[in-house]
Amino acid sequence: MSHSEKATIFNKNEAKVNWHDKALWYVREKRDNAAHKIKGWEELRNVASGIKANVLSNLDNYLMEFEANAQKNGIKVHWASSAEEHNKIIYKILAEKGAKNIVKSKSMLTEECHLNPFLESKGLEVVDTDLGEYIVQIAQEPPSHIVLPAIHKTKEEVDELFQEHLGTKPSGGDPQYLTNEARKHLRNKFLQADAAITGVNFAVADTGGFVVCTNEGNADMGAHLAPVHIACMGIEKIIPKEAHLGIFLRLLARSATGQPITTYSSHFNTPAPGAEMHIVIVDNGRTEQLSREDFRSSLSCIRCGACMNTCPIYRRSGGHSYDATIPGPIGSILSPGKDLTKHSSLPFASTLCGSCSNVCPVKINIHEQLYKWRQLIVKDVKQPFVKKVILKTTGWLMARPKLFNLLGGSARFMLKHAPRFMVYSKLNAWGKERELPEVGKQNFNEWYKNRKKNE
Amino acid sequence: MKVGLFIPCYINQLYPKVGIATLELLEKLGVEVYYPSSQTCCGQPLGNSGYEDDSKGACQLFVENFKEYDYIVGPSGSCIYHVKHHFDILEQTPEVIRVRNNAYELCEFIVKVLGKTDIGASFPYKVGLHKSCHGLRGLKLGSCSERMDAHYSTEEDLLNNVKGLELMSLNRKDECCGFGGTFSVFEEAISVKMGKDRIQDHLDNGVEVITGADHSCLMHLEGLLNRNKQPIRVMHIAEILNNSL
Ligand code: SF4
């Protein structure tokens, strides 16, 4: 199903759309307030985008520097070229340790690699410990947002879900009660865990350490209690120096949720005595995206989610309408690079309003890349015949003023004289909920000619 | 100063009054205006749909039509944006570069080139300004709410000087209306919802007339207003500025 078909279904419930829109707009406004409070926000964005550009141009060197430093600190480093390899590496580590119960903190990369179903198929139990992730996990749904994975669920829906899965009492969606119940349940999982899997927000080349940001402290809880910690990162998560964290952490928290700092910014540098720490560095299509001149800067993304919160289409169509691990504007420029045919409707799910590019803390020119993908998609993916013919013919006509004007005139004539049932037919998507402009006697050309004559 | 008047195709056919207001306004401001009659379209609808390559003929024709003018002025931010930013598909001859550099959206031309903000217009209504995205974020006709720069707005500068006009403030200052060219039909449901939400914001703030510098957005909003019989009119900013007692 295309984005527009899914979005149409989502829009059947207008009250829910309004609620979804408002919830995310609230986050966008919080972000605005937080960004206003620090001096030099735009300068921070400039610097961050510069550092990321430098990283992408020297990725190989930074990755090797990171690997060498991490190994010096006693971390085991693994390289995976694909999602399958990533999953296999993780399973191998777990199998060697005889680990059965795994706790995971939020990681979009493991979503991308479909790690959970893979491990479950091997008989392991994987529990997502971020509250939002946990909610979508028990609902057996993918996350609909990269920072707020369960934002599509109302608290009443969560209430019902918890009654079914955790045996909670009906509470009318009392957040305090529900959170407490989830916490009780998850606490046991933490205590029983044989291994913890986390994502990585920033991997620091000059120290070999990495930083994981969470608001619930669940990454720390998992990693400190379990004897094995596996951190998974895409190759683009590198930053050159520890000092750069001062830029990225400030941008990330404010852009993501409007907080001055994420509640837990946990720095992992070396395994605790007797424990193991692994890092899996994953490509999975990233070097291919890096090779695409027009789209490489999409790899600068720090996954703050701000482009989703600001996107007027995302807010009104919901994350699931994108049918991709990363939804929203950034997902719409990343996903076509993975599977152009499957995701060919995504770059069109935008008015190119440019709000995403202006909100993005690392200044990715998202809306310009959407435009660029469109040009490639109509060439490489089969287009509906009628749409293609109409647009191609229009192009031909536009270069021929006489014909173009003649046609414009007759279109106007049709619009003026055809009966309403013909104009507002099923074929006219414009007219379903909108009137067409009222057509006058003359167009501007004709008016201008007359005026000249009478001068 | 010779100005070539660019009237986008949909304004030519559907909203001649906007073209007329633009022309009259520029003449009142003492500008020598020419209208090349073999103009068609800037190619934007094709580019935005992914058929940029098929629009080369239209773009080339645009350059042919306007190459001899000191400035090219049009009452539609998105079309001017297209000329400035997407004519990179043409070979960059001196003519192409000149046309791209000298293309101006109407308000920007009045404020930046002519240096005027008060043009003696009067319009005693409560007005809501729709800041169209391509003009706002593309041409930077004003500061946008995402960025932390100092506030400015070319359109507000002009409207604030119109006698009797009360510019109403909106809850969401610069959210997209959902027109988006072919988006309006291929993503019909979202497009309509976005438009309805924009209109509600204007209604909630007591707006009588919605105005803006891009009539394509206004056409979309007008379509919804008329269908739902809501008590707001739309007018292009040129029509308001061309209005005097
Ligand atoms: S593209 Fe930019 S705004 Fe969107 S998630 Fe990535 S960093 Fe954040």
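**Group meeting: a ligand shell and a chain interface**

Hi everyone, let's start at the ligand: by class, the shell around it has eleven nonpolar residues, one polar and one charged. Keep in mind that this is a predicted model. Which residues come nearest to the ligand? Of the 13 around it, those are A:Cys301, A:Cys304, A:Gly305, A:Cys307 and A:Cys360.

Now over to the interface between the two chains. Chain A brings 79 residues to the contact, and chain B brings 72. Putting chain B and chain A together buries about 6400 Å², and carbon and sulfur atoms account for 58% of that area. On the chain B side, the residues that lose the most area to chain A are B:Tyr51, B:Met148 and B:Arg227; together they make up 12% of what that side buries.

What about charges? Between chain B and chain A, the rule finds twelve salt bridges. One of them for your viewer: A:Lys379 and B:Asp53 pair through their side chains, with N to O at 3.0 Å. As for polar contacts, 32 residue pairs across this interface qualify, with both residues at pLDDT 80 or more.

And where on chain B does the largest share of the side touching chain A come from? That is helix α11 of chain B, residues 188-204, which supplies nine residues. Sorted by class, the chain B side has 31 nonpolar, 24 polar and 17 charged residues.

So there are two places to open on your screens: the ligand shell with A:Cys301 and A:Cys304 among its nearest residues, and the interface with the A:Lys379 to B:Asp53 salt bridge. Thanks for listening, folks!

Terms used:
Residues are numbered from 1 along each chain as its sequence is written. Chains are lettered from A and ligands numbered from 1 in the order in which they are written. This is a predicted model: local features need pLDDT of at least 70, side-chain atom pairs count only at pLDDT 80 or more; totals for chains, interfaces and linings use all residues. Side-chain values use heavy atoms; hydrogens and water are left out. Contact means heavy atoms within 4.5 Å. Buried area is the accessible area (1.4 Å probe) that two parts lose on being put together, summed over both. A salt bridge is a side-chain nitrogen of Lys or Arg within 4 Å of a carboxyl oxygen of Asp or Glu. A polar contact is a pair of N or O atoms within 3.5 Å; within protein, one must be able to donate a hydrogen and the other to accept it, and residues adjacent in sequence count only if both atoms are side-chain atoms. Helices (H or I, at least four residues) and strands (E, at least two) are DSSP runs, numbered from the N terminus. Ala, Val, Leu, Ile, Met, Phe, Trp, Tyr, Cys and Pro count as nonpolar, Asp, Glu, Lys and Arg as charged, and the others, Gly among them, as polar. A residue is near a molecule or strand if one of its heavy atoms lies within 4 Å of it.
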